[in-house]
2 protein chains.
Amino acid sequence: MFETIAIVGATGAVGGIIRKLLEERKFPHQRIKFLASKRSAGTKLTFGGAEHTVEELTPEVFADIDLAIGSTPDDIAKEFVPWAKQHGCVVVDESGYWRMDPNVPLVVPEVNPDAALAHKGVIASPNCSTTQMVLAMKPLHDAGRIRRVVVSTYQATSGAGVAGQRDLESGTRAALDGAKHDYEAFAHPIAFNCIPQIGSAKHMGYTSEEMKMVHETHKIFGDESIRVCPTCVRVPVSNCHSESILVETEHKISVDEARALFAGTPGVKVVDDLGAGQYPMPLDCDGDDHTFIGRIREDLSSDHGLAFWCVSDNLRKGAATNAVQIAELLVERGATV
Amino acid sequence: MFETIAIVGATGAVGGIIRKLLEERKFPHQRIKFLASKRSAGTKLTFGGAEHTVEELTPEVFADIDLAIGSTPDDIAKEFVPWAKQHGCVVVDESGYWRMDPNVPLVVPEVNPDAALAHKGVIASPNCSTTQMVLAMKPLHDAGRIRRVVVSTYQATSGAGVAGQRDLESGTRAALDGAKHDYEAFAHPIAFNCIPQIGSAKHMGYTSEEMKMVHETHKIFGDESIRVCPTCVRVPVSNCHSESILVETEHKISVDEARALFAGTPGVKVVDDLGAGQYPMPLDCDGDDHTFIGRIREDLSSDHGLAFWCVSDNLRKGAATNAVQIAELLVERGATV
């Protein structure tokens with residue numbers, strides 16, 4: 001067990017969900033601290049029925065913290081993680097900054113738990129669009145060895161933070177009223193639109209978000225031979241990312257086998273009855289920790305392919321839930337450094 | 001030239017655009033008639049500066065009509081097309097009913113114009129999601145022979161007619177106000193949601209909309225060996241369908257070659273500068289007759305693949321514009337029966 005735990009970025013949207021999850025799931029600890037930028041320090045938060053004051057994130061604050069779960073922008077994570085390590089504090093980090101560091105395991109507990117146990121003080125949680133995809137890939141990869149993935153995403157504005165949410169709501173109201181809205185989080189209007197760019201131009205015409213899906217998938221499965229072609233698109237949905245996924249496996253997996261494999265995977269729920277109009281949709285998956293899969297069918301374009309539709313709450317399994325599960329894994333396996 | 005022309009379904013959304021296009025493009029004719037259901041008969045419409053009264057769609061009305069462009073539900077098209085044929089009236093039909101009839105050519109003028117010229121009185125215009133895709137496929141197929149397509153769509157509510165449009169607007173207002181909306185055109189809420197079903201369950205877990213993309217593509221290219229795996233999704237966008245398309249060709253086509261091929265294709269506009277945030281988006285393509293292509297890049301998951309993003313106004317090139325272009329083709333080539 002970790003005696004003193006902390007949430008770094010406690011006043012953010014994901015930080016708030018981490019706090020709720022630690023409370024709900026009765027995460028074992030004796031003391032808890034809430035850390036944030038100087039601007040948010042002093043904010044009052046309730047936890048376990050008591051009021052807590054948010055403290056400023058400084059190097060010294062880690063002196064008596066054993067485990068920190070961080071959800072901050074990349075530049076903050078770059079700065080605070082070494083502070084924590086210096087004091088022997090284990091960090092589970094939600095940011096993108098440490099994910100591809102060869103000394104940092106990148107973990108989805110249902111997929112590669114053992115990697116977490118070999119940590120050197122820092123464990124990274126993947127990008128939201130990667131997490132739900134690799135969770136869906138896992139049973140198929142184990143059963144038939146995935147060689148190729150083609151994925152198109154339908155990503156919610158909550159992935160762009162509180163400003164993204166605000167943009168969707170205010171921008172939509174403005175559009176309905178024929179008024180103008182100055183977008184803060186998006187380079188183009190998101191109301192009643194699709195924006196086929198998330199992140200910056202990165203590699204061969206792919207965006208940084210798309211390349212995360214490629215590289216993080218390789219790292220999590222420890223297999224760079226899995227070929228991934230992603231298209232990441234922002235859609236006017238508030239929360240929960242959807243993904244249209246096609247996988248090709250070395251050994252053919254039938255639709256019935258795939259459905260049974262998905263149903264037997266912890267963290268996955270199958271909702272799949274097209275005739276009855278049943279499949280996962282963002283509005284139905286909001287606030288749930290599962291990754292939902294439906295529209296499971298044979299790929300009409302290859303002999304060893306499967307197509308399916310995958311929806312998950314990007315703030316929960318795509319961020320807060322996965323980080324808390326990593327911390328729980330460390331406690332369960334006694335890997336507390 | 002056709003002396004007397006008619007629009008069947010003249011009071012519908014697509015019928016209205018056909019009327020506008022015939023006017024704008026100065027479609028040659030001497031008389032024009034506007035036909036609709038008994039309920040809409042008597043409605044006044046302006047065309048060429050004059051007021052016209054909508055007439056009821058009956059068998060007899062076709063006696064003096066030479067060309068009819070129809071945009072009606074399938075069951076109406078099933079009924080009226082034989083009436084027109086009996087009177088020697090050529091029909092360009094927008095509905096789904098006649099598309100796969102072996103005696104009916106299915107035509108996108110930029111792709112397979114010759115098929116139109118061999119008509120036996122009826123020519124069908126494809127489903128909106130097919131039209132923009134085959135137009136994008138055409139230059140790549142000619143240059144490198146397409147073997148496989150994986151496509152995920154982001155389809156606008158205008159594809160579900162006026163009721164779909166109304167549902168999006170009213171449903172979104174209700175969602176913003178925390179109120180309830182009874183959806184008319186959709187089985188699930190479309191406001192701030194994605195619905196991975198368009199049409200009914202049809203074949204092996206695919207929907208009717210998805211199977212249209214498969215079968216119509218085969219018919220238009222006259223090549224059933226092109227393997228197509230579609231996922232059709234309704235998104236909260238008012239107008240213009242977007243498609244994330246991956247094609248594999250027999251002969252490799254580079255990104256630069258593809259860009260040049262697209263740029264040289266009539267009806268296509270390339271908007272492709274990711275670094276500058278330039279790519280097609282539904283809001284920008286609304287009301288335009290072109291099919292827009294961007295995000296052109298090498299497929300990271302195969303050696304002979306290309307990925308790109310394709311947006312087109314589903315009421316224009318996806319419906320009205322394509323039908324009017326077919327009619328123009330008949331006039332130009334003198335194929336007026």
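A crossing of two helices is called right-handed if the near helix is turned clockwise from the far one by less than a right angle. Keep that in mind as we walk through this structure, which is a predicted model.

Let's start in chain B, with a pair of helices. Two packed helices are described by the angle between their axes and the distance between the axes. Helix H4 of chain B covers residues 128-144, and helix H7 of chain B covers residues 255-263. Their axes lie 9 Å apart, and the angle between them is about 125°. That angle makes H4(B) oblique to H7(B), because an angle has to be over 145 degrees to count as roughly antiparallel, and roughly perpendicular covers only 65 to 115. Now for the definition we began with: the crossing of H4(B) and H7(B) is right-handed.

Which residues of H4(B) and H7(B) meet? On the H4(B) side, look for B:Ala136, B:Pro139, B:Leu140 and B:Ala143. On the H7(B) side, their partners are B:Ala258, B:Leu261 and B:Phe262. Sorted by kind, the residues of this contact come out as seven nonpolar, no polar and no charged.

Carry on past H7 of chain B and you reach the loop that leads to strand E14 (268-270), where B:Thr265 sits. Is B:Thr265 buried or exposed? B:Thr265 has a relative accessible area of 10%, so it is buried, since buried means under 20%. Leaving out residues up to four places away in sequence, B:Thr265 touches B:Leu135 and B:Pro139. You've met B:Pro139 already, as one of the H4(B) residues that meet H7(B).

Chain B offers another helix pair to compare. Helix H1 (residues 13-24) and helix H9 (residues 316-332) cross at roughly 45°, and their axes come within 9 Å. That makes H1(B) oblique to H9(B), and their crossing is right-handed. From H1(B), the residues taking part are B:Val14, B:Ile17, B:Ile18, B:Lys20, B:Leu21, B:Leu22 and B:Glu24. From H9(B), they meet B:Arg316, B:Ala319, B:Ala320, B:Thr321 and B:Val324. This contact is a mixture: eight nonpolar residues, one polar and three charged.

Now hop over to chain A and find A:Ser238, in the loop between strand E12 (227-231) and strand E13 (241-249). Its relative accessibility is 30%, so A:Ser238 counts as partly exposed. Which residues does A:Ser238 touch, not counting those up to four places away in sequence? Within chain A they are A:Ala156, A:Thr157, A:Ser158, A:Gln165 and A:Leu168, and from chain B there is B:Phe192. With A:Gln165 there is also a polar contact, side chain to side chain, at 3.4 Å. A:Gly159 is 79 residues away from A:Ser238 along the chain, yet their C-alpha atoms are separated by 8.9 Å.

Two more loop residues of chain A deserve a look, this time for their backbone angles. A:Lys26 sits between helix H1 (13-24) and strand E2 (31-36). Its phi is near 50°, a positive value in a residue other than glycine. A:Lys26 is exposed, with a relative accessible area of 68%. A:Arg145, in the loop between helix H4 (128-144) and strand E9 (146-154) of chain A, has a positive phi too, near 60°. With a relative accessible area of 35%, A:Arg145 is partly exposed.

Notes: Residues numbered from 1 in each chain as written. Chains lettered and ligands numbered in written order. Predicted model: local features only at pLDDT ≥ 70, side-chain atom pairs only at ≥ 80, totals over all residues. Heavy atoms only, no water. Helix = DSSP H or I, 4+ residues; strand = E, 2+ residues; numbered from the N terminus. Buried < 20%, exposed > 50% of the residue type's maximum accessible area, 1.4 Å probe, protein only. Contact = heavy atoms within 4.5 Å. Polar contact = N/O pair within 3.5 Å; in protein donor to acceptor, adjacent residues only side chain to side chain. Axes fitted to C-alpha atoms, helices over the stretch in contact; angles between N-to-C directions. Parallel < 35°, antiparallel > 145°, perpendicular 65-115°, else oblique. Nonpolar A, V, L, I, M, F, W, Y, C, P; charged D, E, K, R; others polar.
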